[in-house]
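Subject: Structure handover

Hello,

I am passing on the structure we spoke about. Please look through it first; my notes on what was found follow below.

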Amino acid sequence: MDSIVALAKRRGFIFQSSEIYGGFNGFFDYGPLGSELKKNIRDCWWNDMVRRRDDIVGIETSIIMHPKVWEASGHVAGFSDPLVDCKVSKQRYRADQLFFAPVVIDGKNTGYVSALESENTTAELQSAADSFKRKKALQGTLAPVVAKDMTEATPEEIALIPSPATGNAGDLTPPRAFNMMFQTNVGAMTDAASVAYLRPETAQGMFVDFKNVVDTGRVKLPFGIAQIGKSFRNEITPRNFIFRSREFEQMEMEYFIHEDADWSKCHQEWIEWCRQWLLSVGLPESKLTLYQHKKEKLAFYSKGTTDIMFEYPFGVQELWGIAARGNYDLGQHAQASGKPQEIFDEATKKKFVPHVIEPAVGVDRILLAVLCAGYAEEEVKDEKGNVEKRTVLRLSPRIAPVKVAVLPLLKNKDQLVGRARDLYKKLQRRYAVFYDDGGNIGKRYRRQDEIGTPWCVTIDFDTIEKPGDTFTLRERDSMAQRRITEAELFALLEERVY
Ligand code: ATP
């Protein structure tokens, strides 16, 4: 992870927000290459989800909506995480990410240890229990620890669990609900009536505009409404680089179906669609798994939720959630606004509120996944046969920030430079391309490998001296080289960049 974060900074993918002021926890900036990569991910999703389908339309709704939207959706009352404070250090923890275990020696409970969630929480708790026993010079056999999180702690236990910050028992508060919506005030007055929220998800925009789209969009069930946009959550513990941040971007789609439709079949189809889409932008199948939420943990209206999980370096984590939400959201808005959110069924001559399948994914989480999956350090031979290290980002051509680097072999030969410039200008009309004439050709290839450019094209003496007007095409992954004409290069790009 450290190498990926370092590369992201060094090559201008991702910076800390407000870095010159020491950064701002949970906020990030995307640099020149990062913003291209992010735009490509968004564009691929939009093209595949909206433009290339006849049954889905796109919208763009405002970030700040009427506060009643968030009351009706349940966010004002319930969009919260359980928070635990350390009264002494003032550190705050998400209760479900703070674990504890009793230290049991010869069957007797002798105290408690705690640890923050990590890849090996249980091992950390076990070693904390070991040192607890040693420090207190306790004799006997230590039992294997049984980890629980703070949401499961009894009031008696809370008083005995040590704070991870101070190491002392009695410093932690019981968990309390912390609403994650960012509040702001709209208008000149700052009072209770002016309170509004930055949206914590884009989905409510699709529900609130449902009738507008139905009345104007010539859509017929089943159909979807999709949106890409920023969402904001005041996460208690933003972490793992851009994985969990306080400002992030979502790509969400609400697929409306008939109340009598086979929702389970539709749900499965969307899970598979999303999985295939992730493969199409270069994520390896071996790192993707499905996690089906347990029935008892689902919201009362939810029929089922499956997450596509990705194996990040810091553990297997949720990337894309695909939820079957019944008709809860439209029903809530109908009730709260007094405006029916129904569709007329020609067959039965009855009105009904459609049900919905919702695939919701974070752009930043996809971006982090493609960086993690694509990053490799390899030993390769240079032109002279010496072994050297190369860092390579194996990004799919669909999303790579630069598609082709155009490299004149020498920068002081007018003919080479002229041909290279001419090709560069032509490519630039359609694709993100890069012109580099600095340093030896091997070094220039390495620079492109590190930022994930799938192809380099070198304009060399054969280009200008031999018939055919061909260039050297060098592939990033295989490092193989072959000769290619301009028409063949455009055909290759047409096929692979879509
Ligand atoms: P988590 O359990 O990780 O907090 P969630 O289940 O609350 O996520 P949803 O509300 O289902 O997430 O949001 C849909 C998608 O938005 C997630 O699958 C994820 O890709 C993305 N997402 C949610 N919260 C964040 C965040 N804080 N930072 C970046 N992306 C996020």
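The protein in this predicted model is divided into three parts: domain 1 covers 2–78 + 182–371, domain 2 covers 81–178, and domain 3 covers 402–496. Domain 1 is thus written as two segments, and the residues of domain 2 fall between them in the numbering. Between the C-alpha centres of domain 1 and domain 2 there are 35 Å. Where these two domains meet, four residues of domain 1 are in contact with eight residues of domain 2. On the domain 1 side of that meeting, two residues are nonpolar, two are polar and none is charged.

Some overall figures. The protein contains 15 helices and 26 strands. Along the principal axes, its C-alpha atoms fill a box of roughly 85 × 75 × 50 Å. There are 498 residues in the protein, and 33% of them are buried. If you count the contacts with a separation of 6 or more, 63% are between residues 24 or more positions apart.

Next, the ligand. It has 16 residues around it, and those that come nearest are Phe-248, Gly-321, Ala-360, Gly-362 and Arg-365. Four elements give two or more residues each to this shell: strand 13 (247–257), strand 16 (315–326), strand 19 (355–362) and helix 11 (363–374). The largest share, four residues, is that of strand 16. By residue type, the shell consists of seven charged, five nonpolar and four polar residues.

Two hairpins are also worth a look.

The first one to open is formed by strand 20 (residues 375–381) and strand 21 (residues 387–393), which pair in the antiparallel sense over seven bridges. Within this pairing, Val-380 has Glu-388 of strand 21 as its bridge partner. Five residues lie between the strands of this hairpin, and Gly-385 takes a positive phi near 90°.

The other hairpin is made of strand 25 (residues 470–475) and strand 26 (residues 481–485), which run antiparallel and are joined by five bridges. Here Thr-470 stands opposite Thr-485 in strand 26. This hairpin has five residues between its strands, and Met-479 in the turn has a positive phi of about 60°.

Regards

Note on methods:
Residues numbered from 1 in each chain as written. Predicted model: local features only at pLDDT ≥ 70, side-chain atom pairs only at ≥ 80, totals over all residues. Near = placed C-beta within 6 Å. Nonpolar A, V, L, I, M, F, W, Y, C, P; charged D, E, K, R; others polar. Pairing = 2+ DSSP bridges. Buried ≥ 20, exposed ≤ 12 C-beta atoms within 10 Å, placed from the backbone. Contact = placed C-beta atoms within 7 Å. Domains from an automatic or database assignment.
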